[in-house]
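This report describes the ligand site of the structure shown below, followed by two residues with unusual backbone angles.

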Amino acid sequence: MKKLLLTTILILILLAGCGAPPDCICQCDCQQVTPEATPATPEAAPGISQPAHSTPEVWTYKHMVVGFLQTGSEGGWRAANSASFRDTAEELGITLKFYDSTGDLSGQERGFRHFIADEEVNVIVLAALEATGWEDALLEAKAAGKIVILEDRRIDASEDLYATFIGADFIEEGRRAGAEMCRLLEGMERKNVWELVGNVGSSAARDRGVGFREKAAECGIEIIRSQTANWSVMEGKQLTQAWLEESRDVQGIFGQNDEMALGAIEALKEAGLNPGVDIKTVSVDATAGAFEAMLAGELNVSVECNPLLAPQVYEAALKALNGEDLPKWIPSMDAVFRSDMPNLQEIAEDRPY
Ligand code: GYE
């Protein structure tokens with residue numbers, strides 16, 4: 001208890017002094033983790049890792065110590081996702097060790113191995129920055145008896161290396177965005193579309209692109225520009241400005257997330273164009289910023305990707321700790337929102353993010 005108090009005070013001083021990343025603030029049982037701090041390596045018994053205290057007959061949320069590897073803090077969706085894990089852990093009395101990967105893949109892999117070595121941790125939750133290269137780390141986690149759950153982003157690894165994936169069908173999201181763009185460009189002679197892509201290598205960026213192209217091909221859409229803007233407003237704006245300098249022969253812009261589409265909208269307005277009218281705009285996430293732009297008529301459609309995944313993740317983790325088999329995919333619930341929906345204002349007011 002005295003050690004915990006000292007650690008908490010120390011972290012608070014550090015946070016106050018050095019402007020630590022804003023992504024993890026100490027709240028009960030939520031500890032900021034850095035890979036440098038190497039924990040003592042335990043004798044990992046076969047099966048589930050032995051926490052400091054003995055293994056309970058029946059696991060409850062109070063026994064759960066979750067090592068969570070977040071991608072970083074790249075916008076509204078990510079902030080809502082991080083808050084979902086912190087707030088739900090607090091509600092359920094789960095100990096959450098939060099690792100902010102700050103967009104750095106090698107740091108995320110180090111953080112993952114940090115949690116494998118941490119004897120207290122019995123569940124590792126991963127939002128993978130990139131889809132490939134996780135087999136070895138997953139094998140090590142399995143050997144150490146850790147339950148591994150993927151949230152938000154899929155990875156290219158054999159399903160028996162993790163308990164389950166909880167998140168959206170990104171290909172389906174891409175199809176929905178494509179179908180909406182087809183509807184918006186219906187009857188138009190030219191259907192040139194620019195695509196603002198998420199971070200290269202992520203399943204979200206790869207799969208949304210696949211789904212969008214599937215639908216685009218059905219209605220004669222030409223994707224004449226496609227490049228990463230790393231999920232960011234600024235890069236979305238800069239890329240659109242650069243493309244506008246080359247040509248204005250574009251009828252639609254697809255932002256693989258709200259932030260990049262909002263950046264494109266700013267660029268269109270500064271170029272004297274009318275986003276949502278002259279050029280149709282479609283995005284994915286449906287965060288508060290997207291609703292604002294839809295209510296202003298500048299964004300035509302946002303395909304929802306629900307960030308509030310923590311309750312499903314913790315529920316699945318508890319089942320896994322108690323030896324229950326889980327389906328390999330637990331889908332999140334999503335919808336599609338359009339600027340011409342009559343009750344859009346009401347919906348926007350009720351949204352938690
Ligand atoms: O669309 C984007 C975030 O993985 C679903 O990552 C997530 C994506 C989301 O940066 O806004």
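## Ligand shell

Glu74, Trp77, Arg78, Asp152, Arg153, Phe170, Arg208, Trp231, Asn257, Asp285 and Cys305 surround the ligand, each with a heavy atom within 4 Å of it. The model is predicted: local features need pLDDT of at least 70, side-chain atom pairs count only at pLDDT 80 or more, and totals for chains, interfaces and linings use all residues. Residues are numbered from 1 along each chain as its sequence is written, and side-chain values use heavy atoms, leaving out hydrogens and water.

By class, this shell holds 6 charged residues (Asp, Glu, Lys and Arg), 4 nonpolar ones (Ala, Val, Leu, Ile, Met, Phe, Trp, Tyr, Cys and Pro) and 1 polar one (the others, Gly among them).

## Polar contacts and burial

Polar contacts are pairs of N or O atoms within 3.5 Å. The side chain of Arg153 places an N or O atom 2.5 Å from a ligand oxygen; for Glu74 the corresponding distance is 2.6 Å, and for a polar side-chain atom of Asp152 it is 2.7 Å. The protein buries 100% of the 300 Å² that the ligand exposes when taken alone (Shrake-Rupley method, 1.4 Å probe).

## Positive phi angles

Trp231, a member of the ligand shell, has a positive phi near 65° without being a glycine. Trp231 lies in the loop between β8 (222-228) and α7 (233-246) and, at 6% relative accessibility, counts as buried (under 20%).

Thr102, also not a glycine, has a positive phi of about 40°. Thr102 is in the loop between β3 (95-100) and α3 (105-117); its 55% relative accessibility makes Thr102 exposed (over 50%). Helices (H or I, at least four residues) and strands (E, at least two) are DSSP runs, numbered from the N terminus.

Key: A polar contact is a pair of N or O atoms within 3.5 Å; within protein, one must be able to donate a hydrogen and the other to accept it, and residues adjacent in sequence count only if both atoms are side-chain atoms. Buried means under 20% relative accessible area, exposed over 50%, partly exposed in between (1.4 Å probe, protein chains only).
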